[in-house]
Amino acid sequence: MAQISSDKQTRVPTAIELASRQREISVSEFFLKNRHLLGFDTPAKALVTAVKEAVDNALDACEEAGVLPEIVVHVRDRLGKARVVVEDNGPGIVESQIARIFGKLLYGSKFHKLSQSRGQQGMGISAAGMYGQLTVGKPLHIISRTEGDELASELYVSIDTANNRPDIHKKRRVEWDRPHGTRVEMEMEGHHQTGPHSVEVYLKQTAIANPHVSITYVDPHGKETHFLRCADTLPSRPKEIKPHPHGVELGRLIQMLSNTTSRSLLRFLVDEFSCVGKKTAIEIIKRAGKPLTDRSYPTHIAHAQAAALHRAIQKTRVLAPRTDCIVPIGEAQLLEGLRKELAADFYTTATRPAAAYRGNPFQVEVGMAFGRPGEPDIEVDAGGHMRRIQKAQHARAVEQLIAPKDEPVRLLRFANRTPLLYQQSSCAITKAVIQTNWRTYGLHQTKGALPNAPMAILVHVASVWIPYTSESKEAIEPYPEILKEIKLGLQQCARRLAHYLRRELHLRQEYDRRAHIERYLPHIGAALQDILALSDDERDSTVNMLDDVLHTSRTTPRSKP
């Protein structure tokens with residue numbers, strides 16, 4: 001009875017009291033409590049993510065300014081606390097923008113632009129600073145200098161998470177030996193590791209997809225690694241485009257109608273969308289039906305009329321999106337990047353024609369490097385003589401990027417030239433590789449798995465808007481259009497690989513046959529000596545002649561890597 005009485009005395013809050021508890025949630029507070037969404041799950045992953053965000057910003061800044069990137073990455077790891085320094089030779093940042101860029105989430109210049117870029121959401125580097133602020137309580141330390149400025153700007157910046165705004169702890173003007181550039185230093189809870197998810201492998205993959213970049217990496221043990229550029233020209237700058245009508249949803253269309261400065265529906269369709277000319281716009285308006293006309297005032301169009309306009313847009317044939325807004329790596333430069341960073345026997349690359357998903361143009365590139373360093377090989381000299389050799393071993397990072405022959409191939413996934421190291425199983429690239437029938441091309445593959453081969457497969461997706469599966473930008477959503485293009489690129493390279501593998505198989509079979517025949521050549525020489533009464537010199541000359549005939553009659557040419 002006492003318990004029942006106690007329950008009756010529990011007071012239920014009133015509606016007014018419940019309403020008073022409601023308050024706005026800052027985006028910084030949300031991601032502070034859900035930092036795993038941004039890629040800061042564990043100390044080891046957080047370290048790689050922080051380096052990735054800083055390097056991506058540096059590359060974008062250098063390319064936009066027309067400067068060949070030279071980046072220095074320095075990582076220290078001691079007792080679970082990591083210190084990351086990333087320095088570049090970019091154009092620098094004006095002092096008034098430094099605090100906002102590094103101390104505010106969802107602040108940047110690329111979110112509203114439809115052109116290819118590494119960053120999209122404007123919160124990568126500021127999220128790294130917020131993670132360091134949460135785990136070790138220290139702000140970001142930034143030094144930046146613009147060209148022509150006598151002194152550099154030095155700031156210590158953290159995030160006011162309750163209001164999502166920068167908090168400047170210290171600001172001053174200092175001397176710096178760089179004429180222009182930016183240096184970011186952050187401390188955080190982090191753990192340096194080796195293997196496929198290490199900083200070293202991330203930088204090596206960055207060097208493959210960006211052959212115009214020069215990177216110097218200093219690891220926690222003081223070892224210095226240089227990833228040298230093999231191209232002295234910057235990629236073409238992508239142009240910004242307007243939305244394609246087939247990629248605009250009804251809500252977005254209504255918003256565009258409300259915000260446009262066009263004074264007629266005809267001008268709205270022509271000015272606010274790409275690939276829509278006057279003739280196409282008139283056809284769309286006719287399909288939409290009355291009361292819409294080419295002179296209708298856009299801001300006065302009602303919801304029902306906007307819905308009819310949206311249906312008409314989807315039914316009207318419109319030119320494919322422009323592709324000057326995306327800049328692929330290119331087959332030649334991708335091949336150079338693979339050769340520079342991966343030691344293999346065979347290389348091939350392919351760039352697919354541009355396609356579109358939801359009105360967003362994208363382009364797929366595929367590269368393959370077959371053959372693992374250290375495995376035996378057959379060498380053929382100019383005279384046709386064949387011998388088995390042992391290839392030299394190479395660096396540890398290369399071993400991580402090319403699989404042994406009895407293990408699944410290594411996937412090198414890229415989106416807008418940026419490596420994707422995590423969430424491989426949920427990525428469109430992985431699904432496309434698994435769905436490809438590799439047995440047709442001479443590789444062993446079990447159902448629902450990657451093929452087994454000493455090979456690295458590189459897939460790069462370039463687009464004005466990459467459909468990532470989460471805010472951490474670690475995997476690409478498997479849209480049917482993207483899966484189709486990746487498969488076609490894989491098949492194009494796989495056909496060349498199959499041709500190479502067939503020739504290599506014939507070469508090895510021929511080597512085995514020649515080795516078997518060579519074993520009996522001395523016995524043939526001795527038999528000929530007895531039958532023909534040859535001298536020892538004549539016998540040796542005959543054996544040498546037979547050996548030369550054996551090798552010069554070889555019919556299997558060696559494929560070039």
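A salt bridge, as I use the term here, is a side-chain nitrogen of Lys or Arg within 4 Å of a carboxyl oxygen of Asp or Glu. I keep in mind throughout that the model is predicted.

**Entry 1: overall counts**

I began with the protein chain as a whole and found 16 helices and 16 strands in it. Of its 561 residues, 48% count as buried. I then looked up the contacts between residues at least 6 apart in sequence, and 71% of them join residues at least 24 apart. The chain exposes about 27,700 Å², and I note that carbon and sulfur atoms supply 51% of that area.

**Entry 2: salt bridges**

How many salt bridges does a search of the whole structure find? I count 23 from that search, and I looked at some of them one by one.

In one of them arginine 172 pairs with glutamate 154, and the closest N and O atoms are 2.4 Å apart. Because arginine 172 lies in strand E5 (residues 165-174) and glutamate 154 in strand E4 (residues 152-160), the pair ties together parts that are 18 residues apart in sequence. I checked the accessibility of both partners: arginine 172 is partly exposed at 41% relative accessibility, whereas glutamate 154, with a relative accessible area of 6%, is buried.

I next took lysine 340, which forms a salt bridge with glutamate 341, with 2.5 Å between the closest N and O atoms. Lysine 340 has a relative accessible area of 27% and is therefore partly exposed, while glutamate 341 is buried with a value of 8%.

Which side chain meets arginine 352 in a salt bridge? I found that of glutamate 485, at 3.0 Å from N to O. Arginine 352 sits in the loop between strand E9 (346-351) and strand E10 (355-357), and glutamate 485 in helix H15 (residues 480-532), so this pair ties together parts that are 133 residues apart in sequence. I recorded both arginine 352 and glutamate 485 as buried. I also noted a network in which salt bridges that share partners join Arg83, Glu87, Arg178, Arg183 and Glu185.

**Entry 3: nonpolar cores**

In soluble globular proteins, nonpolar side chains tend to be buried together, and I turned to the cores with that in mind. The largest nonpolar core has 45 residues, of which Val51, Val55, Ile71, Val73, Phe102, Met186 and Leu203 touch the most other members. Helix H4 (residues 43-65) gives the most to this core, contributing nine residues. I followed leucine 203 further and, leaving aside its neighbours within four places in sequence, I list Val55, Val73, Ile215, Tyr217 and Phe227 as its contacts. A second core, separate from this one, has 41 residues, among them Val409, Ala432, Trp438 and Leu483.

**Entry 4: glutamate 53 in helix H4**

I went back to helix H4 for a charged residue, glutamate 53, which has its place there. Is glutamate 53 buried or exposed? I have it as buried, because its relative accessibility is 5% and the cut-off for buried is under 20%. Not counting residues up to four places away in sequence, glutamate 53 touches Gly124, Ile125 and Lys473.

**Entry 5: the two sides of helix H8**

For helix H8 (residues 250-259) I looked up which residues are buried, and these are Leu253, Met256 and Leu257. Seen down the axis of H8, the buried residues fall within an arc of 100 degrees, and so they line one face of the helix. On the other side of H8, I find Gly251 and Asn259 exposed. I then asked what covers the buried residues of H8, and the answer includes helix H9 (265-272) and helix H11 (303-315).

**Entry 6: a nonpolar patch on the surface**

My last search was on the surface, where Tyr520, Ile524, Met545, Leu546 and Val549 form a nonpolar patch whose accessible area together is about 440 Å². The elements that give two or more residues to the patch are H15 and helix H16 (536-552), and H16 gives the most, with three residues. I singled out leucine 546, which lies in helix H16 and which, with a relative accessible area of 31%, is partly exposed. That value fits with its membership, because residues of such patches need over 30% relative accessible area.

Conventions:
Residues are numbered from 1 along each chain as its sequence is written. This is a predicted model: local features need pLDDT of at least 70, side-chain atom pairs count only at pLDDT 80 or more; totals for chains, interfaces and linings use all residues. Side-chain values use heavy atoms; hydrogens and water are left out. Helices (H or I, at least four residues) and strands (E, at least two) are DSSP runs, numbered from the N terminus. Buried means under 20% relative accessible area, exposed over 50%, partly exposed in between (1.4 Å probe, protein chains only). A nonpolar core is a set of buried Ala, Val, Leu, Ile, Met, Phe, Trp, Tyr and Cys residues joined through side-chain atoms within 4.5 Å. Contact means heavy atoms within 4.5 Å. Accessible areas come from the Shrake-Rupley method with a 1.4 Å probe; for residues, only the protein chains shown count as cover. Patches are made of residues with over 30% relative accessible area and no salt bridge: like charges are joined within 9 Å, nonpolar side chains (Val, Leu, Ile, Met, Phe, Trp, Tyr) within 5 Å. The arc is that of the directions from the helix axis to the C-beta atoms.
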